[in-house]
Amino acid sequence: MRTRLLSLLFLCTSFFISAQETEESIDLTKQELKLNLGMAVAGIPEVSYEYFLEDNSSIGLSIGVGLDEPEDLSLRFIATPYYRLFFGKKKNAGFFIEANAAIASYHDYYNEYTYNYDDDGYYYEEQTNIYDEKTTNFGLGAAVGFKLLTRNNYIGEIYAGAGRLFGDSNDFEVYPRLGVSIGKRF
């Protein structure tokens, strides 16, 4: 399962880069490829591609995949398209606000407990039945952040936000939008 998700992530990233390189009218200094170190430490490596529409706005796509065991980390996959509006003096750098959407896939595990009473007192014993509930939901959210740009077109950014998930699952109603990212502007 992990191999398929990582292959899909690599394929999507390769597709976006090769599609942009084949277009003759695309200015190659108008795109970025980034790795979110904050989410990678949390067990969900996230890669982002960002394309600049104007000097103060951009669109992008972040894809994160949970690598830990589903029993340890419920979030398994998240794809987050976003739109950013920048307020800095440099082109597409400085303070920004972000509107985003998400498609998030979760795996919830539940243990069943059986409680027994006897004449000596109260005790419980855990059953080995584990219920696996898989949900995929759509959500909308927002974030704020700051992007730094060097003269060599390396970037660093930090952002924080959250979004609301809509769907059947009662356990997960929000998704995180957190990041400490590094990358390169092409």
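Author: In this predicted model, isoleucine 97 lies in strand E5.

Reader: What makes isoleucine 97 partly exposed, rather than buried or exposed?

Author: The relative accessible area of isoleucine 97 is 36%. Buried requires a value under 20% and exposed a value over 50%; isoleucine 97 falls in between and is therefore called partly exposed.

Reader: Which residues form the nonpolar patch on the surface, and how do you know that isoleucine 97 is accessible enough to belong there?

Author: The patch consists of Phe87, Phe95, Ile97, Val144, Phe146, Leu148, Ile158 and Val180, with about 720 Å² of accessible area together. Membership requires over 30% relative accessible area, and isoleucine 97, at 36%, therefore meets that requirement. Strands E5 (94–118) and E6 (121–149) each supply at least two residues of the patch, and E6 gives the most, with three.

Reader: What makes up the largest nonpolar core?

Author: Nine residues make up this core: Met39, Ile44, Leu75, Ile78, Ala102, Ala104, Tyr106, Leu165 and Tyr175. At least two of them come from strand E4 (75–86), and at least two from E5. The largest share, three residues, is that of E5. In soluble globular proteins, nonpolar side chains tend to be buried together.

Reader: Which residues does methionine 39 touch, leaving aside residues up to four places away in sequence?

Author: Methionine 39 touches Ile44, Pro45, Glu46, Pro176 and Leu178.

Reader: Why is asparagine 92 called buried?

Author: Asparagine 92 has a relative accessibility of 4%. The limit for buried is under 20%, so asparagine 92 counts as buried. This residue is placed in the loop between E4 and E5, and has a positive phi of about 50° although it is not a glycine.

Reader: Asparagine 153 also has a positive phi without being a glycine. Why is asparagine 153 counted as partly exposed?

Author: The relative accessibility of asparagine 153 is 25%. A value from 20% to 50% is neither buried nor exposed, and asparagine 153 is therefore partly exposed. Its phi is about 65°, and its place is in the loop between E6 and E7.

Reader: How do you know that aspartate 168 is exposed, and where is it found?

Author: Aspartate 168 has a relative accessibility of 74%. Exposed means over 50%, so aspartate 168 counts as exposed. It is found in the loop between strand E7 (154–166) and strand E8 (174–185). The C-alpha atoms of aspartate 168 and asparagine 137 are separated by 7.8 Å, although these residues are 31 residues apart along the chain.

Notes
Residues are numbered from 1 along each chain as its sequence is written. This is a predicted model: local features need pLDDT of at least 70, side-chain atom pairs count only at pLDDT 80 or more; totals for chains, interfaces and linings use all residues. Side-chain values use heavy atoms; hydrogens and water are left out. Helices (H or I, at least four residues) and strands (E, at least two) are DSSP runs, numbered from the N terminus. Buried means under 20% relative accessible area, exposed over 50%, partly exposed in between (1.4 Å probe, protein chains only). Patches are made of residues with over 30% relative accessible area and no salt bridge: like charges are joined within 9 Å, nonpolar side chains (Val, Leu, Ile, Met, Phe, Trp, Tyr) within 5 Å. Accessible areas come from the Shrake-Rupley method with a 1.4 Å probe; for residues, only the protein chains shown count as cover. A salt bridge is a side-chain nitrogen of Lys or Arg within 4 Å of a carboxyl oxygen of Asp or Glu. A nonpolar core is a set of buried Ala, Val, Leu, Ile, Met, Phe, Trp, Tyr and Cys residues joined through side-chain atoms within 4.5 Å. Contact means heavy atoms within 4.5 Å.
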